[in-house]
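Please look over the structure below before reading on. The paragraphs that follow lead through it one region at a time.

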Amino acid sequence: MPTSLPPGTFSLHPYAEPPLRAGRYTLTGDVSGLPGPVQTMTSRVDVVAPRLTLPPDQILATFPPAGARGSFTSRLPQVVLRRRTLPWERSTDLDAPTTPTPWLALVLVAEGEGRLLSDVDAAQCVTPGVTLTGDVDVPKSSCLEVPREVVERTFPTRDDLALLCHVRAVDLADTELAMGDDDGWLAVVLGNRLPQPGVRYLACLVNLEGQHGALPSIPNADLKLDYVRAGAVLDLRAEAAAAYGPVVDFDTATMRLPGSARTGPTGGARPVLPAAGGGTVFVQAAAGQAARLGEQWAVAPPGVAASAGYAEAAGKARKELADGWSIDLGVVTRPALRFPVLAYWSFACEERGDFRYLAEHVHVRLLGHVPAGPETPDGDPVDPHDPPVPGAVLEPPPTRPLPLVTETGHVSLGHASRAGEPAPAWYRGPATPLPVPRAGLRPDGRPPLAHHADQLRRVVPDGQEDLGYAAAFEIGRLLALSQPGVVTALARWRQEAYGAARVQQVGAQAVAGAPDQVRELAERPDVLAADERDGRRAGTLGPRAVRAVAELLGDRGAAALGPPRPVADPSAVAADLDRVLPDRDAGTVAGLGLPDLAYDDSAALLAGLAPLPVRTGDPDLSRATVALRAALEDKAMQLATMAGRVGAPGTPGAAGPAGPAGTARDALDELLDRAPGRAAGRAAADGGEV
Amino acid sequence: MIKAALTAELFLRDLVVNAVFQVAQELVEEVDVEQPDPGPRAVPRDLRVWLARLRLLEGVPFGHLVADPALLPPESIRFFYLDRGWTDALVEGALSVGTVTTPDRAALEGLYRTVREEVDEAERLVRLPGWTPGAAVPAGPAGPLSGFLLRSRLVSGWPALHVRGYAQDNLRLSPPVPDDRVGEEHDAALGRLGLLRLERLAPAVLVALFDGVPQLVHVEEPRAGVQFGVAETAAGAGVGAQVVLRDPATGERYPDGRSVDVRFRKDAPGVVHLGATAADMLARIRPGGPPLDSAEFAMQMLQFPYRAVFGDRTLAGGASLPPGAVFRPVVGLAVLRERFEGGDRP
């Protein structure tokens with residue numbers, strides 16, 4: 001993971017050297033120092049790298065996107081690969097001191113410039129006469145067959161290759177730049193050809209191993225600074241059509257209906273060729289698997305040689321031949337080169353004008369401006385010697401007179417009045433070239449509200465009408481009526497008296513809990529309001545309630561309401577305490593055991609209290625013991641009384657001093673007799689109270 | 001005495017408690033935290049937002065915005081102020097559907113001021129990208145609105161355009177910020193305006209409405225990864241291209257704006273000769289130095305998304321526009337005045 005990258009940045013590197021070249025390696029292991037001989041270990045390691053096919057997850061992004069239509073005339077095509085060493089893994093000059101030459105190139109092939117073959121044996125993926133040494137990763141792959149002329153004109157030169165591949169390091173946290181990579185290092189392969197408008201292209205990542213010699217070398221004299229827009233470098237379809245004559249009806253020939261084939265010089269059926277410029281559906285996605293067999297791509301069997309007869313080729317022709325990259329090159333007898341294709345995708349380039357060009361040439365004005373002749377984008381005066389600006393589509397000449405626009409932004413439109421007479425009228429939409437102030441408030445503080453469109457028609461001093469606002473009213477009304485949901489919402493809102501009913505309900509419920517007198521008084525209308533209806537509004541509930549209460553209390557305010565409570569209330573008992581303890585403070589202080597403290601000044605009292613230690617009294621044990629014993633004896637006697645009372649079964653509760661009738665007195669009874677509170681206990685037993 | 005005191009106190013407390021309870025209940029019913037709402041209002045929220053959409057001209061036929069095709073020709077952008085009287089008329093028309101009898105109309109007249117203010121406030125709720133429940137809702141009185149109509153291949157080719165409006169020009173700040181450096185951190189300093197509406201009315205027509213009158217508008221190409229390319233130029237009958245160079249040490253463009261013309265191969269339209277172009281670049285960057293490697297070449301060819309800036313060009317050193325450049329009416333005020341004062345025939 002590349003470290004020390006500031007956020008939002010990426011760094012570029014010229015190349016990444018593969019640490020190990022692809023191939024088969026033998027590892028030999030030897031151990032020494034052990035007692036006894038040890039057999040040498042040999043194991044084999046195969047370092048595999050893509051050669052004829054790229055696994056689909058190795059491509060992170062392509063530009064232009066697969067299947068895209070757009071204005072790509074100023075952008076170089078590119079493909080972003082996951083492995084940073086891939087463009088240099090099979091370079092032959094890795095050991096040289098200079099930058100190694102990549103073995104991959106991204107080439108753009110326009111429609112009609114070549115042919116893409118799928119499912120071809122590995123040995124036939126390259127030009128006949130070239131052999132790929134070493135192992136290949138797959139037995140069958142795709143290959144691109146192009147005439148030598150196309151290679152000479154459009155392929156990158158050997159020196160160009162080194163400039164087209166570089167390595168980018170991104171921060172993995174930036175998901176947009178990282179595009180799903182796992183270590184933050186990406187390899188980018190650029191193309192060298194700018195797409196031209198109106199042409200469909202096939203972008204192929206080709207393997208140039210063993211064929212670097214076929215690449216062109218362009219002397220500097222052949223360079224120019226500009227070019228005239230054209231499509232493909234050459235179009236084989238036109239040449240094939242020239243070889244075959246007029247094109248047969250496509251559909252009937254495909255379906256091999258009787259009478260579809262015309263006899264030609266070969267005596268057999270003509271091959272089916274599309275009309276020049278016919279296009280079909282694109283390949284759906286950028287293919288990492290070069291061995292993909294799509295319906296749209298070439299299905300002509302690769303083994304058809306020129307001598308096999310064009311009849312056979314025609315016979316095998318299918319609907320897919322309408323595609324521009326499937327012309328049998330044997331047909332037009334040119335020397336062709338083959339390159340294995342690791343990945344391919346197609347796109348279409350449209351009319352020129354990238355974002356920058358269009359944005360620089362858009363005409364900027366206020367709404368209401370009508371162009372009356374040639375103009376410049378910003379409004380500068382037009383220089384008659386300037387060349388006409390290419391690219392921006394010129395407006396077709398108007399077939400009717402230009403509109404009359406006033407300085408206020410009003411446009412004169414034809415209008416048929418209610419009587420049926422046509423007359424011009426002024427109209428201004430919501431979009432004006434000048435700021436328009438909003439309608440203010442009327443003298444009574446309310447904004448004007450129209451209930452009908454006719455209320456918004458204005459008459460201009462020259463006799464014509466100004467219908468802008470009336471049209472707006474009608475549009476609003478129609479839009480509301482066209483949506484049943486809005487109509488329902490408005491009806492419901494109206495039922496609630498536009499919210500007023502809800503508020504009134506709140507007010508009514510608030511007053512409902514009040515005493516009757518208060519409620520009656522509160523429901524009277526507000527005397528300060530303009531009219532009775534206004535006076536009953538829920539908003540005036542507050543003042544009305546207060547007024548009701550104040551009226552009820554009247555002059556007897558103090559009598560009706562008690563004195564206000566003080567903020568800090570010593571509670572009602574405090575008054576009684578004063579009666580009980582005449583000298584309250586002195587008593588408190590004495591009770592705390594601090595007779596010498598000054599208690600008339602509270603501050604001094606507090607100051608005196610603070611440093612005093614807590615005093616504990618000595619317990620007088622003898623007195624405490626006596627008191628405790630007395631209490632215990634009392635309790636014991638009570639319990640015994642209860643026990644004696646409940647005691648014998650069969651007797652309903654009452655216990656006499658002699659216990660249950662008929663039984664002899666025992667020790668418990670003696671004890672009970674001797675108890676000091678016996679009289680009280682007896683009384684308790686009689687009274688039923690303990 | 002005490003009984004009277006207690007009764008009065010109880011009554012007041014009862015009154016207050018009941019009222020508060022009722023209001024709280026109403027509040028709980030009305031405020032839906034899932035949708036942005038500044039609070040309980042007289043107009044129900046759904047109706048308010050629908051009326052606010054109407055104010056932003058949603059659903060209004062295009063012919064009512066642009067009365068004549070000549071007012072919006074291809075490859076043009078037209079800025080405008082929004083007439084609040086017109087949009088108020090729209091809302092009044094919609095409200096007239098809900099009034100049937102004269103008392104209804106009288107009640108609505110009494111309430112219309114509140115309705116107008118609440119719909120003003122709701123205009124900002126229609127488009128709140130990135131609002132999460134519980135987040136703050138924009139509030140405040142409504143000011144003037146403005147916007148633009150853009151008819152161009154920019155809209156059809158790049159549907160996800162970024163549009164931003166600012167109340168303040170970045171070249172008026174001290175220190176001034178260059179156009180390509182303005183980012184989100186300058187939103188507060190430049191007073192970024194809310195975008196109330198951004199919609200494609202047709203494949204090539206874009207309408208945008210700003211919450212205010214902008215001094216500066218950005219229209220930016222949507223990002224699509226890192227791209228490499230050239231800047232095309234017109235060269236006689238053909239097409240040329242040039243590359244504005246960057247300093248390899250810093251990655252920024254040179255302040256003097258030096259550039260090279262791209263070399264193409266003869267008989268091969270659009271095929272760039274990289275070696276010669278790289279040699280030209282080397283001559284402008286470090287004459288006599290080691291040749292450019294692929295990383296440096298890629299850095300020169302980098303193209304970032306383009307940002308079109310609409311602002312006062314005199315701040316950037318351009319000439320001021322001649323009067324009447326942006327709006328030249330066909331019938332001027334003088335002619336109108338003459339006409340109204342009973343001059344010639346209408």
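**A helix pair between two chains**

Helix 9 of chain A and helix 4 of chain B are oblique to each other, and this description belongs to a predicted model. Two packed helices are described by the angle between their axes and the distance between the axes. For helix 9 (residues 468-481) of chain A and helix 4 (residues 84-95) of chain B, the angle is about 40° and the axes lie 6 Å apart; because angles under 35 degrees count as roughly parallel and those of 65 to 115 as roughly perpendicular, the pair is therefore classed as oblique. The crossing of helix 9 of chain A and helix 4 of chain B is right-handed.

On the chain A side, the contact is made by G468(A), Y469(A), A472(A), F473(A), I475(A), G476(A), R477(A) and A480(A), which meet G85(B), W86(B), A89(B), L90(B), E92(B), G93(B) and A94(B) of helix 4 of chain B. By character, the residues of this contact divide into nine nonpolar, four polar and two charged. An α-helix has 3.6 residues a turn, so residues three or four places apart point the same way.

Helix 9 of chain A and helix 4 of chain B also have a neighbour in common, for the buried residues of helix 2 of chain B pack against both of them, as well as against helix 10 (484-495) of chain A and strand 1 (76-82) and helix 5 (102-122) of chain B. Nine of the 11 residues of helix 2 (residues 45-55) of chain B are buried, so this helix is largely enclosed by the rest of the structure. The buried residues are R45(B), L47(B), R48(B), V49(B), W50(B), L51(B), A52(B), L54(B) and R55(B). Just after helix 2 of chain B, L57(B) adopts a positive phi of about 65°.

Taken as a whole, chain B has 10 helices and 14 strands, and 47% of its 346 residues count as buried. Among contacts in chain B between residues at least 6 apart in sequence, 64% join residues at least 24 apart. The accessible surface of chain B comes to about 15800 Å², with 56% of that area belonging to carbon and sulfur atoms.

In chain A, a further site to examine is T101(A), in the loop between strand 6 (78-81) and strand 7 (104-110). Its relative accessibility is 12%, so T101(A) counts as buried. Leaving aside residues up to four places away in sequence, T101(A) touches W88(A), S91(A), D93(A), R158(A), L161(A) and H212(A). The C-alpha atoms of T101(A) and R90(A), which are 11 residues apart along the chain, are separated by 9.3 Å.

How values were computed. Residues numbered from 1 in each chain as written. Chains lettered and ligands numbered in written order. Predicted model: local features only at pLDDT ≥ 70, side-chain atom pairs only at ≥ 80, totals over all residues. Heavy atoms only, no water. Helix = DSSP H or I, 4+ residues; strand = E, 2+ residues; numbered from the N terminus. Buried < 20%, exposed > 50% of the residue type's maximum accessible area, 1.4 Å probe, protein only. Contact = heavy atoms within 4.5 Å. Areas by Shrake-Rupley, 256 points an atom, 1.4 Å probe, with all protein chains shown as cover. Axes fitted to C-alpha atoms, helices over the stretch in contact; angles between N-to-C directions. Parallel < 35°, antiparallel > 145°, perpendicular 65-115°, else oblique. Left-handed = near helix turned anticlockwise from the far one by under 90°. Nonpolar A, V, L, I, M, F, W, Y, C, P; charged D, E, K, R; others polar.
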